[in-house]
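Please open the model in your viewer and keep the sequence panel beside it, since this tour moves from one selection to the next.

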Amino acid sequence: MLNKIKSLTIFQSDTSFMQLIRTYIVGAINLLIGLTISYTLQFLLLTFIEFPLRTYVTNVVGFSIGVIISYYLSRRIIFKFSFFGGTLKEFLNFTYTNLISLFAPNLIWFIINLINDTLQKDELWFLFITILINGLILPIKYLIYKFFVFKDSL
């Protein structure tokens, strides 16, 4: 089964378009992991923290765990590098780039909270808005990965 998946054109071709498609695949995997972490923190573990602080703490903790997972998945799946290769400089550049994934959602949630503070308390709206935010920033992150973060490994 794994060999059939690996043989698909999307995983064989190394064009920029296919790398962008793989960025969305990695983004979807990261999103599922991140949503699991976010949901667990937001609605189960951090209920003793008041809104909107709870949302900000959730995003920071989820980011910290997610950036490590995302680095290795991006190296392997998007750019087809060795899973454990890379340098500290590359990882730090990756982390700096992914600060977009930390600050953009917090800024957007801050603005949403000013407009309607009940949305982040609703599980479905929280899920929908989180998916939308992350989907919109993926192409920007891909370009930064390709031309800044992983440029020395290409």
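Is Phe83 buried, partly exposed or exposed? Select Phe83 to begin, bearing in mind that this is a predicted model: with a relative accessible area of 33%, Phe83 is partly exposed. Now add Phe84, which counts as exposed at 70% relative accessibility. The rings of Phe83 and Phe84 form an edge-to-face aromatic pair, with 4.8 Å from centre to centre and 85 degrees between the planes.

Keep these two residues selected and extend the selection to the cluster that ring pairs build around them. Besides Phe83 and Phe84, this cluster takes in Tyr71, Tyr72, Phe79, Phe81, Phe91, Phe94, Tyr142, Tyr145 and Phe150. For the structure as a whole, the count of aromatic pairs comes to 18. One of these pairs, Phe43 with Phe126, is also edge-to-face, with the centres 5.8 Å apart and the planes at 90 degrees. That pair links distant parts of the chain, because Phe43 belongs to helix 3 (residues 16-45) and Phe126 to helix 6 (residues 123-149), 83 residues apart. Both Phe43 and Phe126 are buried, so hiding the surface may help you to see them, given that buried here means under 20% relative accessible area.

Next, select Arg54 together with Phe51, where a charged side chain meets a ring. Arg54 lies over the face of Phe51, at 4.2 Å from the ring centre.

Turn now to the salt bridges, of which the structure holds two. For one of them, select Arg22 and Asp14, whose side chains meet at 2.9 Å, N to O. The partners sit in unlike surroundings, in that Arg22 is buried with a relative accessible area of 0%, whereas Asp14 is partly exposed with a relative accessible area of 44%.

For the other, select Arg75 and Glu90, whose side chains meet at 2.5 Å, N to O. This salt bridge links distant parts of the chain, with Arg75 in helix 4 (residues 53-78) and Glu90 in helix 5, 15 residues apart. Arg75 is buried, with a relative accessible area of 4%, and Glu90 is buried as well, with a relative accessible area of 5%.

Stay with helix 4 and display the backbone as a ribbon. Where is the kink in helix 4 centred? Select Gly66, on which a kink of about 30 degrees is centred. Then follow the chain to Lys80, which lies just after helix 4 and takes a positive phi of about 60 degrees.

For the next stop, go to the loop between helix 3 and helix 4 and select Leu46. Although Leu46 is placed in a loop, this residue counts as buried, at 12% relative accessibility. If you draw a distance from the C-alpha of Leu46 to that of Phe81, a member of the aromatic cluster, you will find the two 37 Å apart in space and 35 residues apart in sequence.

Finally, restore the surface and select Leu107, which is found in helix 5 (residues 88-115). Which residues share a nonpolar surface patch with Leu107? Add Phe110, Ile111, Leu114 and Ile115, which complete the patch and, together with Leu107, have about 550 Å² of accessible area. When you look along a helix in the viewer, it may help to recall that an α-helix has 3.6 residues a turn, so residues three or four places apart point the same way.

Methods: Residues are numbered from 1 along each chain as its sequence is written. This is a predicted model: local features need pLDDT of at least 70, side-chain atom pairs count only at pLDDT 80 or more; totals for chains, interfaces and linings use all residues. Side-chain values use heavy atoms; hydrogens and water are left out. Patches are made of residues with over 30% relative accessible area and no salt bridge: like charges are joined within 9 Å, nonpolar side chains (Val, Leu, Ile, Met, Phe, Trp, Tyr) within 5 Å. Accessible areas come from the Shrake-Rupley method with a 1.4 Å probe; for residues, only the protein chains shown count as cover. A salt bridge is a side-chain nitrogen of Lys or Arg within 4 Å of a carboxyl oxygen of Asp or Glu. Helices (H or I, at least four residues) and strands (E, at least two) are DSSP runs, numbered from the N terminus. Rings of Phe, Tyr and Trp (its six-membered ring) pair if their centres lie within 6.5 Å; planes under 30 degrees apart count as stacked, over 60 as edge-to-face and the rest as tilted. Buried means under 20% relative accessible area, exposed over 50%, partly exposed in between (1.4 Å probe, protein chains only). A charge sits over a ring if NZ of Lys or CZ of Arg is within 6 Å of the ring centre and within 35 degrees of the ring normal. The bend at a residue is the angle between axes fitted to the seven residues ending there and the seven starting there.
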